[in-house]
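Visitor: I am new to this structure. Please take one part and walk me through it closely.

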Amino acid sequence: MAGEHPRANLQPLRLHVPEPKFRPGDPVDFVGVDIPPAGAARRPDTAESAHDFTDLAYTMVRVLDEDGRAVGPWDPKLSPDMLRRMLRNMALLRAFDERMFRAQRQGKTSFYMKATGEEAVAIAAAQALDADDMCFPSYRQQGLLIARGYPLVEMMNQIYSNTGDKLQGKQLPIMYSARDFGFFSISGNLTTQYPQAVGWAMASAAKGDTRIAATWCGEGSTAEGDFHSACTFASVYRAPVIFNVVNNQWAISSFSGFAGAESTTFAARAIGYGIAGLRVDGNDALAVYAATLWAAERARTNAGPTLIEHFTYRAEGHSTSDDPTQYRSAGEPTAWPLGDPIARLKQHLIVIGEWDEERHAAQDRELAEYVRAQQKDAEKNGILGHGLHQPLDSLFDGVFEEMPWHLREQQAQMIAEEEASGRPWARK
Amino acid sequence: MNMIQAINSALDVCMGRDADVMVMGEDVGYFGGVFRATAGLQAKYGKTRVFDTPITEIGIMGVAIGMGAYGLRPVPEIQFADYIYPALDQLVSEAARLRYRSAGEFTSPITIRSPYGGGIFGGQTHSQSPEGIFTHVSGMKTVIPSTPYDAKGLLIAAIEDNDPVLFLEPKRIYNGPFNGHWDRPAENWSKHPGGEVPTGYYRVDLGKAKVVRPGEALTILAYGTMVHVCAQVIADEGVDAEIIDLRTLVPLDIETIEASVKKTGRCMIVHEATRTSGFGAELSALVQERCFYHLEAPIERVTGFDTPYPHSLEWAYFPGPVRIGQALKKIMKDA
């Protein structure tokens, strides 16, 4: 019985259940978060043995300092044009997110997920990768599509499940698929994309190709078994793959402690697998860019995989179905010590004399207008719930390459039932 | 050829014809597989096309799906079907749905080979028949051969198929056509017509059943080892049954089944898998829906019991001559 252990002179065991530091109503003080100074982390050779990454797995690669200057060995020394493109892409992603979040609130679609505060993770990575490298994203890397020039209207068509939706209304909003843009079909099942990315990379290596794969998951999803399997496979076959762990501190309502963050870093997971591990300031676009470029070179030279932990903060709710004020302090997003990725890159461009507040404000207005215009175009193809956007019988398309008899039979039955019902769903 | 050799030959033929066919799994490379199904392939095609993997079914399946997305045609092996469950999420949520969810942008042209079934004193985790779990998954095909000839032809067809195919190999009949009489000397494939296997390329199309014995008295629906057990039982009992080897469970050859039951008026379904929600339930429902007015007796199901597969009581569990014979008498009672 509890409390009546026969060896009563022993201390009772205690179960440790992690608890975040701040709950709703608590004052926020991130003083305990260890943020190493920008420029301090060393930049190893891309061929360095995976054994030698312990220091980098526990520190943080940072380029932009508090004053917005780029410092240290990881400064990618990008041209002002490249920096402005990065800033523009991040701002466009944020404008897109805000517009689509509002569209969901207006009842134009069922669901949306923003990437607010994490814009640098996807945008900077996309700009560091080659256009034909294959990305296996989770649901919060829509920035990859934006940085690769995927039409916003196509994204919106998918979100609205309208007549223009290339996925024929079969997928939940934001579960994009864009093969021609190196963007693998998003699945709702967490981390399944991790071993798939390894397989894609192994295939590329086995065929003597030069393309590499990159994949993303959140820190919460690293607890999935797929993560372990993927790391093992990648290490064993030295697959040309980049693992990105977006540590935004929250997995819906669970803080990162429930994925193991109280005891270690996510970059440090790499060490045990014999994978190079980097921990990066995820709100520093230059650090993300530099780390991705480094990992890509490592992969391209057959030196093996890299795991990059992007230390960032999920500034808003998990999704349109989530209310973060129910489980965390409202003060957290503004108190986050690594700031806002857009504000930091903007500051850098201003510091180097390549940008100013007026241009930034004008760009924001222009992007907002652009997104609104794209939205108008997309809505010409319909919004969710307003009419039938796909032919009824398309429900059965694509289960198999060729439709077997049992699906043909069910299809015919469904159509007959719909036609007999008088339901106002015109068969197209 | 025995069934192992036939499977080996199918892999060899496919790898020779298509440089994108890759074989992967636990112990399949240098060693040639714990059942020898992949023997010699690594030496012939090299380590980048035939390779050993870490012991992680999630990883094997996930990696195979990624390779398929790249454009290859992977043939992963799960060492025993009893160990496919860690890969279930990758199979059900990913491989089976990739074409549908991406509207055809990405596909999973993969063939998962796995030895399955009992009758070998394999106990709980070397005897299971999990086909019913997978026939329930939309977007997957499930194939089970019962002879070396079919095994090779079906495996080639499966590998060439652009959808994910689960290819379950009845390991009890790898070496010979087991008739259910465990207490009699084992037979081998050399005396069975199904053991005659061409060395080159041929296909046995998916979705086509085979009438292995025409008859008038009743229809027996079976697959895998049970085809041979049923054949022996009806020979022993002297019943003129029509035995249909389904060969492909999804998509099912409903026409052959329907025509047979409408002719005989009786239907017995036999599988090793546990009964409740097993594939036999689907077969029974289909026959009932389509042949109701032709049925002269209730449809009989002879299956494994709804228990984990036991070790010492194997021959009480296994649907062998005794159990099938009793069911046969019951269904023929009023004939």
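Guide: Here is a close look at one sheet in chain B, with its helices and loops. This is a predicted model, in which local features need pLDDT of at least 70, side-chain atom pairs count only at pLDDT 80 or more, and totals for chains, interfaces and linings use all residues. Residues are numbered from 1 along each chain as its sequence is written, chains are lettered from A and ligands numbered from 1 in the order in which they are written, and side-chain values use heavy atoms, with hydrogens and water left out.

Start with the sheet. It is open and has five strands of chain B, in the order S7-S9-S8-S11-S12. The pairing is mixed. Helices (H or I, at least four residues) and strands (E, at least two) are DSSP runs, numbered from the N terminus. Two strands pair if DSSP finds at least two bridges between them. Strands S7 (210-213) and S12 (300-304) of chain B are the edges, each pairing on one side only. From one strand to the next, the twist averages 25°.

Now go inside the sheet. Strand S8 (residues 218-222) of chain B pairs with strand S11 (residues 267-274) of chain B. The sense is parallel, over three bridges. B:Leu221 has B:Ile269 of S11(B) as its bridge partner.

Two helices pack on this sheet. Helix H8 (residues 225-237) of chain B touches S7, S8, S9 (241-245) and S11 of chain B. Contact means heavy atoms within 4.5 Å. The direction of H8 makes about 170° with that of S9(B). Axes are lines fitted to C-alpha atoms, for helices over the stretch in contact, and angles run from 0 to 180 degrees between N-to-C directions. Helix H10 (residues 279-291) of chain B touches S8, S11 and S12 of chain B. The direction of H10 makes about 160° with that of S11(B).

Next, follow the chain on from S9. B:Arg247 sits in the loop between S9 and S10 of chain B. Phi of B:Arg247 is positive, near 65°, and this residue is not a glycine. Most residues other than glycine have a negative phi, and most peptide bonds are trans. B:Arg247 is buried (under 20% relative accessible area; exposed is over 50%, partly exposed in between; 1.4 Å probe, protein chains only), at 9%.

One more loop follows. B:Pro251 lies between strand S10 (248-250) and helix H9 (254-264) of chain B. The peptide bond from B:Val250 to B:Pro251 is cis, with omega near -5°.
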